[in-house]
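Here is a short report for a first look. Please keep the sequence and the 3D view at hand as you read.

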Amino acid sequence: MTTAGVLCFSVGTAVNFGSELARHLWKRDRRNAGKPYTLGAFALARHANYTGEVLSFVGFALVAGHWQAFWVPGAMLVGMA
């Protein structure tokens, strides 16, 4: 479970950080003000950064090794839906 948890956490963090960074750099250009960002990971999902967050917390719960730790990513998923 630890290897799967670390992998899930790493992928989730990379998706979250990478998508947010790309969107931030795109929005810095004043010509894009008020326009939605639909490139990169956001071409596949409206809230790609939230997907990364949920994956990160699932990975953290897997590494923790306690089933009680899954309430956090579960609550995030329900709240985001």
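## A starting point

Is R31 buried or exposed? R31 counts as exposed, because its relative accessibility is 66% and the exposed class begins over 50%. Keep in mind that this is a predicted model.

## Salt bridges

R31 also has a charged partner. It forms a salt bridge with D29. The closest N and O atoms are 2.6 Å apart. D29 counts as partly exposed, at 25% relative accessibility.

How many salt bridges does a search of the whole structure find? It finds two. Besides the bridge between R31 and D29, there is one between R23 and E20. Here the closest N and O atoms are 2.8 Å apart. R23 and E20 both lie in helix 1. They are three residues apart, about one turn of the helix. R23 is partly exposed, with 24% relative accessibility. E20 is partly exposed too, at 28%.

## Aromatic cluster

Now turn to the rings. A search of the whole structure finds two aromatic pairs. One joins W26 and Y37. Their ring centres are 5.2 Å apart. Their planes meet at 50°, so the pair is tilted. W26 lies in helix 1, while Y37 sits in the loop between helix 1 and helix 2 (48–64). The pair therefore ties together parts that are 11 residues apart in sequence.

Y37 also pairs with F42. This pair is edge-to-face, with 5.6 Å from centre to centre and 70° between the planes. W26, Y37 and F42 thus belong to one aromatic cluster.

Are these rings buried or exposed? W26 and Y37 are buried. Y37 has a relative accessibility of 13%. That is under the 20% limit, so Y37 counts as buried. F42 is buried as well, at 7%.

## Nonpolar surface patch

Which residues form a nonpolar patch on the surface? They are L7, V11 and V15. Together they have about 230 Å² of accessible area.

V15 is found in helix 1, which covers residues 2–28. V15 is partly exposed, with a relative accessible area of 30%.

## In brief

Helix 1 returns throughout this report. V15 of the nonpolar patch is found there. R23 and E20, which form a salt bridge, both lie there. W26 of the aromatic cluster lies there too.

Key: Residues are numbered from 1 along each chain as its sequence is written. This is a predicted model: local features need pLDDT of at least 70, side-chain atom pairs count only at pLDDT 80 or more; totals for chains, interfaces and linings use all residues. Side-chain values use heavy atoms; hydrogens and water are left out. Patches are made of residues with over 30% relative accessible area and no salt bridge: like charges are joined within 9 Å, nonpolar side chains (Val, Leu, Ile, Met, Phe, Trp, Tyr) within 5 Å. Accessible areas come from the Shrake-Rupley method with a 1.4 Å probe; for residues, only the protein chains shown count as cover. A salt bridge is a side-chain nitrogen of Lys or Arg within 4 Å of a carboxyl oxygen of Asp or Glu. Helices (H or I, at least four residues) and strands (E, at least two) are DSSP runs, numbered from the N terminus. Buried means under 20% relative accessible area, exposed over 50%, partly exposed in between (1.4 Å probe, protein chains only). Rings of Phe, Tyr and Trp (its six-membered ring) pair if their centres lie within 6.5 Å; planes under 30 degrees apart count as stacked, over 60 as edge-to-face and the rest as tilted.
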